[in-house]
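Got your viewer open and a selection box ready? Here's a walk through the model, one stop at a time.

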Amino acid sequence: MSGFLVDSPAARPRFRQPCAEDLAVSTPSVNTDHTNQDVLEVFAMHRELACLPVTEQGRPIGLINRSIFLSQMSKPYHRELYNRKSCIAFMDKEPLVVDAEMSIDALTFRTVEYGEKALADGFIVARAGQYIGLGHGLQLMRVVADMQAERNRQIMHSIDYASTIQRAMLRTSRETLAATLADAALVWEPRDVVGGDFYHFAAFQDGWFAALADCTGHGVPGAFMTLIASSLLSQALEQLGPRDPGALLMAVNRGIKQMLAQTDREPRQTPDASESDDGLDAAFFWFDNTTRQLTFSGAKSSLFVLQPGDAEGEMINGARMGVGYVDTAMDYVWHNSTMQTQAGTLVFVTTDGLIDQIGGPKEIAFGKRRMREAICTQREASATQISDAVLDVHRAWQGEQRRRDDLTFFCFRAQ
C-alpha cells in the first residue's frame with residue numbers, strides 16, 4: 001500500500017493489517033544533553049524537517065516544532081540566552097506518542113481525539129517505550145484514504161463519520177460567532193457529504209477574528225485539506241495573534257508548502273518532486289471593537305462592503321495569489337486593507353462556490369454582479385434575511401444545473 005514503510009515480505013504475514021509502525025519515518029532526533037544550538041544545526045542540515053523528536057535514554061519525551069522554535073530563537077537576545085541551554089526549553093512536553101503495534105483505525109481516532117496539534121506536528125512512534133520514528137498527519141490521512149478506497153462496503157459510513165468530525169471541528173467557531181455578533185449569518189454547504197471549505201471565528205477582548213477558506217478539492221480530499229489548513233491557522237493565531245491577517249496568511253502559506261513539500265521547485269519538473277499542488281483561497285479579517293476598523297487580507301478572495309447611504313457598495317479585492325500552491329513563493333507577502341465601518345455597515349464575504357455556479361438561460365456563472373444586486377435589494381434587512389435572499393436568488397439561478405462547488409459565505413452588520 002502506498003506510503004508505507006514495510007519490512008521484508010518474509011518477515012511479516014502477507015495480509016497483516018497496517019499499524020503505526022508502518023508510518024514511522026526514521027528522522028534525526030536529539031536528547032536532553034543537546035543544546036538549542038544543536039537544534040539549530042539539525043534544522044539547518046535538514047530543511048525538510050518540520051519537527052524534531054527529543055529523547056531521554058532513547059525514550060521520547062518531547063517534540064520541537066520547527067516554526068515555533070525558530071520564531072522563539074529569532075526574538076531579541078534569545079540566542080544569547082538560550083543557545084547553550086538544553087533543547088527542552090522550547091519543546092512540546094506532551095506530544096502524541098503511540099505504540100508501534102497500534103492499528104491505523106485506533107491511531108486515526110487517537111489523533112483526532114488528541115487535536116489539531118497531532119495533525120500539524122505529527123506523532124512519535126515507539127516500540128517498548130523506545131523511539132523508532134516520527135509519523136506525519138498528512139501521511140496518516142493518505143493511508144486512511146487508501147484503506148477506505150479498498151473498503152467499498154464501508155466507505156459511505158466512513159464519509160458520514162468524517163462529516164460528523166468536520167462539523168464538530170467547525171462547531172466552536174459557529175457558537176462563538178453566535179455569541180459575539182448580534183446581526184450576522186454564516187452559510188456552509190458542502191457540495192458532497194464533506195467539503196473543502198472551512199471557516200474560523202474567534203473572539204477576543206478588543207475585537208474578533210474571522211476566516212473563510214476554500215481548499216483544493218471536494219469531498220474527502222478537500223476535507224483533508226481543511227484539517228491541515230485549519231490546524232495551521234490555529235497554530236499561527238497562537239504565535240502571531242489575530243490582528244495582522246496578512247501575516248497569518250503568510251504563516252499558513254509557509255506551513256502548507258513545508259507539509260506538502262511544495263517548496264522551491266517548478267511543478268512536476270524533478271523526479272522526486274511531490275505530486276501535490278494543493279492550497280487554498282482565503283479571506284482573513286480582524287475587527288476592532290473600539291475603532292470599528294476592519295482589517296482584511298485576501299488570497300484570491302474579495303470583501304463586499306455596503307456603507308449606510310451607499311447605493312452600490314464597494315468590492316475590496318485581495319491578492320491574486322493562492323495560499324500554499326507550488327507557484328506561490330515561500331516568502332510571498334499578503335498586504336492588509338483597512339476600512340472604517342460605522343453602525344449599520346454591511347460586510348459580505350464568500351468563497352467562489354457562490355459566484356462560479358453555472359445557471360440561468362445562457363448557462364453562465366452567477367457572478368459578483370448578481371450577488372451584489374441580491375444584497376443591495378435587501379440592504380435594510382437583517383444579515384440572516386440577506387443571507388436567505390442571496391441563497392434564494394442563487395438556487396433559482398442554478399435551476400437544474402449540477403452544484404459545482406462547496407458554498408460558504410459570511411455576512412454581518414456592524415453595530
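Before the first click, a definition: a salt bridge here is a side-chain nitrogen of Lys or Arg within 4 Å of a carboxyl oxygen of Asp or Glu. Keep in mind that this is a predicted model, where local features need pLDDT of at least 70, side-chain atom pairs count only at pLDDT 80 or more, and totals for chains, interfaces and linings use all residues. Residues are numbered from 1 along each chain as its sequence is written, and side-chain values use heavy atoms, with hydrogens and water left out.

**Stop 1: a salt bridge across the chain**

Select Arg 403 and Glu 189. They form a salt bridge, with 3.1 Å between the closest N and O atoms. The two partners come from distant parts of the chain, 214 residues apart: Arg 403 is in the loop between α12 (383-398) and β18 (407-413), while Glu 189 belongs to strand β7 (residues 184-189). Helices (H or I, at least four residues) and strands (E, at least two) are DSSP runs, numbered from the N terminus.

Is Arg 403 buried or exposed? Its relative accessibility is 19%, so Arg 403 counts as buried. The cut-offs: buried means under 20% relative accessible area, exposed over 50%, and partly exposed in between (1.4 Å probe, protein chains only).

Now move to Asp 192 and Arg 191, another salt bridge, whose closest N and O atoms are 3.2 Å apart. Then add Arg 395 to your first pair: salt bridges that share partners join Glu 189, Arg 395 and Arg 403 into one network. Back at the other pair, Asp 192 is partly exposed at 33% relative accessible area, and Arg 191 is partly exposed too, at 29%. If you're keeping a tally, the salt-bridge count comes to 10.

**Stop 2: a three-strand sheet**

Show β1, β2 and β3 as cartoon. They make an open sheet of three strands in the order β1-β2-β3, with mixed pairing. β1 and β3 are the edge strands, each pairing on one side only. Pairing here requires that DSSP finds at least two bridges between two strands.

Start with β1 (residues 30-31), which pairs with β2 in the parallel sense over two bridges. Click Val 30 and look across to Val 54, its bridge partner in β2. On the other side, β2 runs antiparallel to β3 (residues 59-65), joined by six bridges. Cys 51 has Asn 65 as its bridge partner in β3. β2 itself (residues 51-56) is mostly covered, with five of its six residues buried.

Next, zoom in on the turn. β2 and β3 form a hairpin with two residues between them, and Gln 57 in that turn has a positive phi of about 55°. Glu 56 stands opposite Arg 59 in β3. Turn on side chains and you'll find a salt bridge between Arg 59 and Glu 56, the closest N and O atoms being 3.3 Å apart. With a relative accessibility of 42%, Arg 59 counts as partly exposed, and so does Glu 56 at 35%.

**Stop 3: helices**

Select 219-240 for helix α8. How far apart are its end C-alpha atoms? They are 31 Å apart, which agrees with the 32 Å that its 22 residues should span at 1.5 Å a residue; the expected span of a helix is 1.5 Å times one less than its number of residues. α8 is mostly covered, with 16 of its 22 residues buried. Just after α8, check Gly 241, which takes a positive phi of about 80°.

Then jump to Ala 178, in helix α7 (residues 155-180). Ala 178 counts as exposed, at 61% relative accessibility. Draw a distance from its C-alpha to that of Phe 201: the two are 9.9 Å apart, with their positions 23 residues apart along the chain.

**Stop 4: cysteines**

How many disulfides are there? The count comes to zero, a disulfide being a pair of cysteine sulfur atoms within 2.5 Å. Cys 87 is in none, and the nearest cysteine sulfur, that of Cys 51, is 14 Å away. Cys 87 is buried, at 0% relative accessible area. Cys 376 is in no disulfide either, the nearest cysteine sulfur being that of Cys 411, 11 Å away. Cys 376 is buried as well, with a relative accessible area of 17%.

**Last stop: confidence**

Colour by pLDDT, the predictor's confidence in each residue, from 0 to 100. The protein averages 88, and 92% of the residues score at least 70. Now select residues 1-15: pLDDT stays under 50 there, and the model has 19 contacts beyond four places in sequence for this stretch, a contact meaning heavy atoms within 4.5 Å. Where pLDDT is low, the predicted coordinates should not be read in detail.
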